[in-house]
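Here are my notes from a first pass through the model, written so you can follow along on screen. Please open the structure and go through the points in order.

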Amino acid sequence: MSGRALFCQPRRARHGAALTLVFASVLVAGAATGSLPGTDRESEPAAAAPAGQRARPDDVARAAAEAMAHGKSPVEAAERAVSRSGDRWGAIYSQGEYEELADALDGRYTGVGLSARRERDGRIQVTGVRSDSPAAAAGIREGDRLRSVDGERVDGRPVTEVVSILRGDAEAEPAGTAVRLGLERGTRAWTETVRRARLSTDPVTVRTLADGLTVVKVTSFTKGVGEQVREAAARVPSGAGVVLDLRGNSGGLVAEAVTAASAFLDGGLVATYDVDGDQRALHAEPGGDTTRPLVALVDGGTMSAAELLTGALQDRGRAVVLGSRTFGKGSVQMPSRLPGGSVAELTVGHYRTPSGRGVDGTGITPDLEVDPADPAALGRARTVLSGLGREANDPA
């Protein structure tokens with residue numbers, strides 16, 4: 001197994017953190033919970049645990065091995081070791097769960113094809129249904145309320161946990177297995193049984209509004225996304241502004257976020273990070289467009305690798321950041337294989353923006369705070385871009 005480090009969020013609720021809608025987010029200068037260079041391969045914000053409280057791979061592996069020797073579950077023993085360590089973002093994956101995460105980083109996942117959010121009253125509302133998905137075939141619509149999954153009530157539970165349950169385990173609940181959904185639409189309540197399917201993500205979408213404004217929406221940083229962002233930016237007419245929409249972006253491969261940054265930066269620092277005290281840096285490739293007006297639109301669901309990108313564009317003065325404070329996931333996890341085939345992802349360090357700001361537990365504060373869920377948010381972005389365009393064209 002390759003040693004990819006991740007800017008990412010653990011997949012199962014039992015790990016102490018929740019999975020975002022498509023998959024866990026990662027620190028990778030090359031991968032998805034957030035991976036580091038030279039390697040292959042997010043719950044409420046919280047302050048990082050002191051280094052002395054982090055779980056150590058040898059300790060977790062020892063706990064798993066001892067459990068196996070006594071005929072007990074190595075996965076449960078490893079989870080207890082991580083829980084006792086105080087490692088907020090440490091996680092243990094079964095072999096099937098980790099395979100599902102790896103597939104997600106490649107842009108594939110098993111699921112039913114719906115996205116959701118938790119409302120302020122704790123209810124889970126469907127916010128989107130993928131076409132040609134099991135959810136679409138069952139007639140589920142945006143705006144429906146999801147009340148239960150396989151008979152278990154979901155009100156009040158983290159939406160990331162709910163989505164994780166919907167997706168299931170790659171081994172125990174593969175494509176083709178049934179999941180029973182309790183739904184509500186207005187006064188109608190009903191139960192729908194759908195079968196999970198292998199789906200592919202569509203993490204980058206580009207749309208040009210009637211007034212010529214280009215919106216590049218990035219929902220996650222799976223493999224190839226960075227280059228897709230660069231290609232999308234290159235197709236925008238010269239001098240036209242761009243809104244980089246990172247709302248709800250769950251993170252992913254850090255290398256992809258760095259490549260995306262290279263679309264708008266002419267080289268230079270993107271972030272620094274440490275691995276067990278060893279300081280390292282991530283740099284953009286030279287040649288990016290540094291003159292095009294740019295707004296980054298973010299919200300509380302902007303996480304991990306997406307925060308790394310946002311922080312770089314903000315600190316380098318390359319973009320005006322609009323929206324609400326981001327999630328605050330700035331720690332680095334590195335995976336290692338455990339006895340029995342499970343995988344431990346343990347915190348090994350944290351990253352900082354080019355100006356040295358830590359993100360973990362604090363997030364990134366926008367330059368202009370607006371309600372990111374308000375349809376008028378794009379209008380505010382348009383106004384800002386108009387001002388940036390005039391500023392760029394003013395004589396020196």
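**Notes on the model**

1. Let's begin with a hairpin: S12 and S13 form one, with five residues between them. Have a look at Gly212 in that turn, where phi is positive at about 95 degrees. Bear in mind throughout that this is a predicted model.

2. The two arms of the hairpin are S12, covering residues 204-208, and S13, covering residues 214-218. They pair in the antiparallel sense, and five bridges hold the pairing. If you want a landmark, take Thr208, whose bridge partner in S13 is Thr214.

3. Thr214 deserves a stop of its own. Is Thr214 buried or exposed? With a relative accessible area of just 3%, it counts as buried, because the cut-off for that is under 20%. Setting aside neighbours within four places in sequence, Thr214 is in contact with Val206, Arg207 and Thr208, and also with Val236, Gly241, Val242 and Val243. Thr208 therefore turns up twice for Thr214, as a bridge partner and in the contact list.

4. Now step over to the other side of S13. Strand S14 (residues 242-245) runs parallel to S13, and four bridges join the two. Here the pair to click on is Lys217 and its bridge partner in S14, Asp245. Val242 and Val243, both on the contact list of Thr214, fall within the residue range of S14.

5. Zooming out, what is the strand order of the open sheet? It reads S12-S13-S14-S17-S18-S21, six strands with mixed pairing. S12 is one edge strand and S21 (368-369) is the other, each pairing on one side only. The antiparallel S12 and S13 pairing and the parallel S13 and S14 pairing are both part of that mix.

6. Next, a helix that goes with the hairpin. H6 lies across S12 and S13, and its direction is at about 15 degrees to S12.

7. H6 (residues 225-235) also packs with H7 (residues 254-261), their axes being 7 Å apart and the angle between them about 15 degrees. That angle is under 35 degrees, so H6 counts as roughly parallel to H7. The crossing of the two helices is right-handed.

8. Which residues meet where H6 packs with H7? On the H6 side they are Val225, Gly226, Glu227, Val229 and Arg230, and on the H7 side Glu256, Thr259 and Ala260. Sorted by class, the contact has three nonpolar, two polar and three charged residues.

9. Elsewhere, check helix H3 (residues 95-105). Its buried residues are Gly96, Glu97, Tyr98, Glu100, Leu101, Ala104 and Leu105. Note that the list includes Glu97 and Glu100. After H3 comes Gly107, with a positive phi near 90 degrees.

10. Two more residues are worth a click. Ala137 is in helix H4 (residues 134-137) and counts as exposed, because its relative accessibility of 73% is over 50%. From Ala137 to Val112 the C-alpha to C-alpha distance is 9.9 Å, with their positions 25 residues apart in sequence.

11. His350, by contrast, sits in strand S20 (residues 343-352) and is buried at 16% relative accessible area. Its C-alpha is 9.1 Å from that of Lys329, and the two are 21 residues apart in sequence.

Notes: Residues are numbered from 1 along each chain as its sequence is written. This is a predicted model: local features need pLDDT of at least 70, side-chain atom pairs count only at pLDDT 80 or more; totals for chains, interfaces and linings use all residues. Side-chain values use heavy atoms; hydrogens and water are left out. Two strands pair if DSSP finds at least two bridges between them. Axes are lines fitted to C-alpha atoms, for helices over the stretch in contact, and angles run from 0 to 180 degrees between N-to-C directions. Angles under 35 degrees count as roughly parallel, over 145 as roughly antiparallel, 65 to 115 as roughly perpendicular and the rest as oblique. A crossing is left-handed if the near helix is turned anticlockwise from the far one by less than a right angle, and right-handed if clockwise. Contact means heavy atoms within 4.5 Å. Ala, Val, Leu, Ile, Met, Phe, Trp, Tyr, Cys and Pro count as nonpolar, Asp, Glu, Lys and Arg as charged, and the others, Gly among them, as polar. Buried means under 20% relative accessible area, exposed over 50%, partly exposed in between (1.4 Å probe, protein chains only).
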